[in-house]
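Me: I'm new to this one, so could you walk me through it with a few questions and answers?

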Amino acid sequence: MDWKVVLDLVVSVLLIATIGYAWMLNQRLSSLRKNRDDLAKTIAAFNEATLRAESSIPKLRKAAEESGQTLQERVEKAQSLRDDLAFMIERADTMANRLENAVRGARADGVKAAPEPRAMGAGGGAQIGTASAPTMPPPRMAGNRAAAIAAAAAASEGESDDRSEAERELLRALQSMR
């Protein structure tokens, strides 16, 4: 063999290897170009999302401020209602004490006016409602409650009308329960 033929064979093998490597490099470059296009699309979408997020920040601040103001108004209104309720409870306690004193006074007046109807039975206990000495019927809860509501309404009518709206509504509710 001639050394030229050997050299041609070596060059041919190297050319075949170079062509294969060039083909593989071309495939990788085309996939990189394809990925670059996808990457560019992703970056563009990310930029758009960032711009939208930046534009929505002032809206979020405004919404937060409005929510804060609304919450503050509700808290102030709740505190006002709390104060009204405390005042109404205080007034109700006063009125309950007055009613209790009025009921005690009425009972004391009734006891003084009524004769002594109690007769002792055979067992030593008191008999209620004998034929010779009728007694007052035992008080009923519903009657006492209605009397208390009526007394509260009467007491409320006698006082001046410097009550708050909540007090007037409470009195109307009590009167409607009769």
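Me: Which residues form a nonpolar patch on the surface?
Reply: Keep in mind that this is a predicted model. The patch has about 640 Å² of accessible area together. Its members are Tyr-21, Trp-23, Met-24, Leu-25, Leu-29 and Leu-32.

Me: Is Leu-25 buried or partly exposed?
Reply: Leu-25 is found in helix 1, which covers residues 3-113. Buried would mean under 20% relative accessible area and exposed over 50%, with partly exposed in between. Leu-25 has 41% relative accessibility, so it counts as partly exposed.

Me: What pattern does the chain follow along the sequence?
Reply: The chain has three helices and two strands. Reading along the sequence, you get the order α-β-β-α-α.

Me: How far apart are the end C-alpha atoms of helix 1?
Reply: Helix 1 has 111 residues, and at 1.5 Å a residue it should span 165 Å. The distance in the model agrees with that, and it comes to 154 Å.

Me: Where does helix 1 bend by about 30 degrees?
Reply: There's a proline to look for here, Pro-58. Pro-58 follows within four residues of the bend, and the bend itself is at Ser-56.

Me: What share of the residues of the chain count as buried?
Reply: A residue has to be under 20% relative accessible area to count as buried. In helix 1, residues that pass include Met-88, Met-95 and Leu-99. Across the 178 residues of the chain, the buried share is 8%.

Me: And what part of the area that the chain exposes do carbon and sulfur atoms supply?
Reply: The chain exposes about 15,000 Å². Carbon and sulfur atoms supply a share of that equal to 62%.

Me: Which side chain meets Arg-104 in a salt bridge?
Reply: The structure holds two salt bridges, and this is one of them. The N to O distance is 2.4 Å, and both residues lie in helix 1, four residues apart, about one turn of the helix. Arg-104 is exposed because its relative accessible area is 51%, while its partner is partly exposed at 37%. That partner is Glu-100.

Me: What about Arg-82, which residue's side chain does it meet in a salt bridge?
Reply: Here the N to O distance is 3.3 Å. Arg-82 counts as exposed because it has 52% relative accessibility, and its partner is partly exposed, with 44%. The partner is Asp-83.

Me: What percentage of the contacts with a separation of 6 or more join residues 24 or more positions apart?
Reply: A contact here means heavy atoms within 4.5 Å. Among the contacts in the chain with a separation of 6 or more, residues 24 or more positions apart account for 54%.

Terms used:
Residues numbered from 1 in each chain as written. Predicted model: local features only at pLDDT ≥ 70, side-chain atom pairs only at ≥ 80, totals over all residues. Heavy atoms only, no water. Patch = residues over 30% accessible without salt bridge, like charges linked within 9 Å, V, L, I, M, F, W, Y side chains within 5 Å. Areas by Shrake-Rupley, 256 points an atom, 1.4 Å probe, with all protein chains shown as cover. Salt bridge = Lys/Arg side-chain N within 4 Å of Asp/Glu carboxyl O. Buried < 20%, exposed > 50% of the residue type's maximum accessible area, 1.4 Å probe, protein only. Expected span 1.5 Å × (residues − 1). Bend = angle between axes of the 7 residues up to and from the residue.
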